[in-house]
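Work through the exercises below with the sequence and the model at hand. Each task is followed by a solution in steps.

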Amino acid sequence: MPAVDPVLFVGLGGTAGALARHLVGERIERGTRDTLLVNVVGSFLLGLLTALAVPEVALLALGTGFCGAFTTFSTFAFETTRLVEERDLRGAALNAGLNLGGGLAAVALGALLAGLL
Amino acid sequence: MSDHAHRVEPLVLVALGGFAGATCRYLVDLAAPVGFPWGTLAVNVVGSFLLGVLLYESRLVGALSAETRLVVGTGFLSSFTTYSTFAVETAALGPTLAVVNVAANYALGLLAVLAGRLLARVVA
């Protein structure tokens, strides 16, 4: 571990992740599609990073920091709850299922790609 | 000139919140017991509760500024909580614990938003 505090790597990666999520267009209350996109793409990247033997500093900055901040659970939970509130139970179940299925499939795909690299 | 400033400012707010959110998530994870992804569950539930309070407060009362929503909601809370870590940790668990982890994050996360809404209503 270098002399620089690992917290700083996580924080800097988190800054980039939050900005990237914002720039992708993900906005709370704008719809669920952008949240699904960042969650699936971020899960793929983290699955790839975790399966690759990257140095711990890179895992902290890119994994815990960037991917962790790029994806979001709170916005997903808020948007799903709002669909339930609007009595769109089908939409809520679809959103929950797509995030879970897409996220887990993306992790597996990332690990698979790491095995090929 | 002022147009430029207006375009930059939201990014600064999101960046500051994102730095703090990711850092706090990491510190919670370091403090959490090992053996089950307790840290991620904790940040996801607490972050969902706080986002519920923030967004329903905005809707019901509207005392908070758009800047506050950006720095706290889009910046801090969206970075404090994480879906990718939740997905990777779930994939690494055995079948039973994976189901428990998904059920706990989903059920408690949605209930936390509703609890946040309740608090926002009581305050409003």
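## Exercise 1: The interface

Chain A and chain B bury about 3,600 Å² between them, and 70% of this area is on carbon and sulfur atoms. The model is a predicted one.

**Task.** Find how many residues each chain brings to the contact, and which residues of chain A lose the most area to chain B.

**Solution.**
1. Count the residues in contact: chain A supplies 45 and chain B supplies 43.
2. Rank the residues of chain A by area lost to chain B: A:F73, A:S74 and A:F78 lose the most.
3. Add up their share: these residues together account for 18% of what the chain A side buries.

## Exercise 2: Polar links across the interface

**Task.** State how many salt bridges the rule finds between chain A and chain B, and identify the residues of the bridge formed by B:R117.

**Solution.**
1. Apply the salt-bridge rule, which asks for a side-chain nitrogen of Lys or Arg within 4 Å of a carboxyl oxygen of Asp or Glu.
2. Across the interface, 1 salt bridge is found.
3. The partner of B:R117 is A:E85, with 2.1 Å between the closest N and O atoms.
4. Turn to polar contacts: 19 residue pairs are counted between the two chains, with both residues at pLDDT 80 or more.

## Exercise 3: The chain A side

**Task.** Describe the elements of chain A and say which of them build the side that touches chain B.

**Solution.**
1. Chain A has 5 helices and 0 strands, in the order α-α-α-α-α from the N terminus.
2. The elements giving two or more residues to the side that touches chain B are α1 (6–24), α2, α3, α4 (74–85) and α5 (89–116) of chain A.
3. The largest share of that side comes from α1(A), with 13 residues.
4. Sorted by class, the side holds 21 nonpolar, 20 polar and 4 charged residues.

## Exercise 4: The largest pocket

**Task.** Give the volume of the largest pocket and determine which elements line it.

**Solution.**
1. The space in the largest pocket is about 380 Å³.
2. Its lining consists of 16 residues, and those nearest the centre are A:L59, A:T64, B:D29, B:T85 and B:E89.
3. Two or more lining residues each come from α2 (33–51) and α3 (56–70) of chain A, and from α1 (2–31), α2 (38–60) and α4 (84–92) of chain B.
4. The largest share of the lining, 5 residues, belongs to α3(A).
5. By class, the lining has 5 nonpolar, 7 polar and 4 charged residues.

Note on methods:
Residues are numbered from 1 along each chain as its sequence is written. Chains are lettered from A and ligands numbered from 1 in the order in which they are written. Side-chain values use heavy atoms; hydrogens and water are left out. On a 1 Å grid over the protein atoms alone, a cavity is a set of points where a 1.4 Å probe fits but cannot get out, and a pocket is an open set with protein on both sides within 12 Å along at least five of seven lines; lining residues have an atom within 4 Å of a point. Grid points are joined across faces, edges and corners, and a volume is the space filled by probe spheres set on the points. Helices (H or I, at least four residues) and strands (E, at least two) are DSSP runs, numbered from the N terminus. Ala, Val, Leu, Ile, Met, Phe, Trp, Tyr, Cys and Pro count as nonpolar, Asp, Glu, Lys and Arg as charged, and the others, Gly among them, as polar. Contact means heavy atoms within 4.5 Å. Buried area is the accessible area (1.4 Å probe) that two parts lose on being put together, summed over both. A polar contact is a pair of N or O atoms within 3.5 Å; within protein, one must be able to donate a hydrogen and the other to accept it, and residues adjacent in sequence count only if both atoms are side-chain atoms.
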